[in-house]
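Please open the model in your viewer and keep the selection panel at hand. The stops below go from the whole chain to the ligand site and then to two points in the backbone.

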Amino acid sequence: MTGRPRLLVIDDNRELADNLVELFEERGFAVEVVPSAAAGLEIARSRGFDLAFVDVNLPETSGHELVPALRSACPYGEVLLMTGHASIDSAIAAVRVGAFQYVVKPFNVGELVATVDRALSQVQLRAEREALSRQLGESERRYRDVVDSTGVLVFALDGDARVVMANRRACDTVGVPSEELVGADFFIRCIAAESRASARTRVDAVLRGQGAIEFDASLVAKSGLRAVRWHGTPASGGSPKSAALVYLTGVDVTERLELERRAAESEALAHMGTLAAGLAHEIRNPLNAAGLQLHLLGRAVDRLPDGDDRSPLKARVEIVASELKRLEHLLGDFLELARPRPIAREPVDLVALLERVLSLHEPIASARGITVERRFAQATARGDRERLEQVFHNLVVNALEASAEHGVIEVSVEREEGPTPTVLAAVRDDGRGIPEATLARIYEPFFTTKPAGTGLGLTIVRQIVQRHGGAVLIDSAEAKGTRVAVRLPAFAT
Ligand SMILES: Nc1ncnc2c1ncn2[C@@H]1O[C@H](COP(=O)(O)OP(=O)(O)OP(=O)(O)O)[C@@H](O)[C@H]1O
Ligand SMILES: [Mg+2]
């Protein structure tokens with residue numbers, strides 16, 4: 001109610017109406033008089049009123065019937081019914097239809113003014129209450145918007161850990177509508193079994209009034225288990241010793257934890273690499289000395305007079321020599337991985353390179369009845385000859401190791417034309433193939449399925465090829481065979 005209080009008089013008795021006008025205008029009211037229900041309703045709808053005086057006996061209708069229509073046309077206003085004949089029944093009827101009070105003519109001015117004052121303070125109160133509830137509704141909507149639009153999971157739990165409220169993010173993540181979450185036991189519905197007991201203990205502590213807490217517990221989400229860091233706070237309004245409600249906000253940290261784990265892993269690998277490189281250097285000197293001494297020992301054995309002892313001795317020397325070679329090779333691999341030297345960018349004739357690699361392995365292949373087929377087109381890669389030899393050496397050894405007797409190994413080279421020309425060299429075998437589970441791990445350092453394998457071969461192959469700006473492509477089917485192709489930049493002439 002702003003400005004002067006507005007009074008509407010609906011009465012066909014002109015004299016009485018004039019009295020009311022006089023009485024209330026001098027008290028600061030704005031008074032309007034109409035003789036009929038229709039005219040009164042018209043004003044109620046268009047301009048409203050604070051207080052309406054309605055005569056019980058109107059020409060077209062009864063005042064009782066008019067009250068509900070007036071109240072719905074102007075919900076904040078109050079209505080006083082006027083009558084010349086008071087009766088208990090009509091008084092009850094007046095209250096029943098929603099009138100503020102029933103006043104009897106002729107009026108006692110003092111009483112009438114007091115009634116009007118009371119009715120107006122009622123109007124005032126109602127207006128204030130409505131404004132407040134509007135404000136409250138708005139602020140609730142605003143908070144709800146914030147809670148719903150945040151990327152954080154928000155739950156409110158009652159004293160029995162039942163969900164009272166869950167925001168949109170929480171419902172989306174769990175994958176059920178809010179109605180399904182509300183009322184459910186939070187721990188059973190949302191928390192993974194293994195985290196349940198400890199999470200419950202932490203939330204209970206908040207309910208017992210021990211203040212805010214933070215804990216980690218896995219959420220059962222529609223996409224599987226998610227690692228979530230929770231923050232629990234007691235709702236304000238509870239007694240200081242206990243809370244009736246707990247707010248839980250959760251941040252999904254699954255990706256972050258995975259990143260941290262990978263960072264720690266690669267840091268550990270880097271440390272290991274440095275350590276390995278240092279060790280490899282230290283081992284290389286005594287290894288060289290041992291090799292030299294063995295060579296001298298071999299010569300000395302050669303000089304022994306022919307006899308029974310000589311050939312077993314010679315055989316032992318050869319075994320030790322081949323083991324030393326293996327060790328040297330392993331050291332080379334270690335050093336390549338740990339401290340790679342820069343890659344040369346020279347023209348490398350891939351056909352010539354592959355012929356050299358194959359010449360080393362063909363004697364072993366033919367001894368096992370394995371055929372090596374060539375499908376060579378002239379191709380020149382841009383790269384490091386020594387490193388690329390290492391690559392194909394590893395691939396051919398893997399193919400031989402995977403092949404059964406009378407297997408076929410096909411080695412191919414082709415040029416690939418395009419905006420940036422590349423060359424593709426591949427080694428294909430028809431051996432045992434790689435099972436799917438193994439395929440995911442073959443590049444891991446030290447992953448091997450062979451009793452005497454080191455598991456560094458493909459790790460080094462990929463590292464070298466990637467440092468050339470190329471790619472390794474593996475195609476394998478269990479029991480059918482494997483094709484490992486290496487794509488390298490072509491040397492532009
Ligand atoms: N051509 C192939 N056919 C079948 N399996 C293969 C083939 N090439 C690689 N693999 C699988 O991948 C694994 C890893 O190969 P990688 O060359 O890295 O190590 P390795 O051969 O086991 O040991 P080394 O370090 O001596 O080479 C092998 O143990 C084998 O299981
Ligand atoms: Mg290998």
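What follows is a tour of a predicted model, with a selection to make at each stop.

Begin with the whole protein drawn as a cartoon, in which the secondary structure comes to 15 helices and 17 strands. The radius of gyration is 47 Å, whereas the globule rule gives 23 Å for 493 residues, so the protein is more spread out than a compact globule. If you orient the view along the principal axes, the C-alpha atoms fill a box of roughly 155 × 60 × 40 Å.

Next, select ligand 1 and centre the view there; ligand 1 sits in the largest pocket. Which residues come nearest to ligand 1? Among the 17 residues around the ligand, these are T448, T449, K450, L456 and L458. If you colour that shell by residue class, you will find six nonpolar, nine polar and two charged residues. Showing the helices as well brings in helix 13 (385–402) and helix 15 (457–467), each of which supplies at least two residues of the shell around ligand 1.

Now display the side chains of D429 and T448 as sticks, together with the backbone of G457. An N or O atom in the side chain of D429 is 2.9 Å from a nitrogen atom of ligand 1, while the side chain of T448 places an N or O atom 2.5 Å from an oxygen atom of the ligand. At G457 the partner is a backbone N or O atom, which lies 3.1 Å from an oxygen atom of ligand 1. Taken alone, the ligand exposes 590 Å², of which the protein buries 91%.

From the ligand site, move to H406, found in the loop between helix 13 and strand 14 (408–416). The phi of H406 is near 65 degrees, a positive value in a residue other than glycine.

Finally, select K105 and P106, which are joined by a cis peptide bond with omega of about -10 degrees. P106 lies in the loop between strand 5 (101–104) and helix 5 (109–149). As background to these last two stops, most residues other than glycine have a negative phi, and most peptide bonds are trans.

Methods. Residues are numbered from 1 along each chain as its sequence is written. Chains are lettered from A and ligands numbered from 1 in the order in which they are written. This is a predicted model: local features need pLDDT of at least 70, side-chain atom pairs count only at pLDDT 80 or more; totals for chains, interfaces and linings use all residues. Side-chain values use heavy atoms; hydrogens and water are left out. A residue is near a molecule or strand if one of its heavy atoms lies within 4 Å of it. A polar contact is a pair of N or O atoms within 3.5 Å; within protein, one must be able to donate a hydrogen and the other to accept it, and residues adjacent in sequence count only if both atoms are side-chain atoms. Accessible areas come from the Shrake-Rupley method with a 1.4 Å probe; for residues, only the protein chains shown count as cover. On a 1 Å grid over the protein atoms alone, a cavity is a set of points where a 1.4 Å probe fits but cannot get out, and a pocket is an open set with protein on both sides within 12 Å along at least five of seven lines; lining residues have an atom within 4 Å of a point. A molecule sits in a cavity or pocket if more than half of its atoms lie within 2 Å of its grid points. Helices (H or I, at least four residues) and strands (E, at least two) are DSSP runs, numbered from the N terminus. Ala, Val, Leu, Ile, Met, Phe, Trp, Tyr, Cys and Pro count as nonpolar, Asp, Glu, Lys and Arg as charged, and the others, Gly among them, as polar. The radius of gyration is taken over C-alpha atoms; the globule rule is 2.2 Å times the number of residues to the power 0.38.
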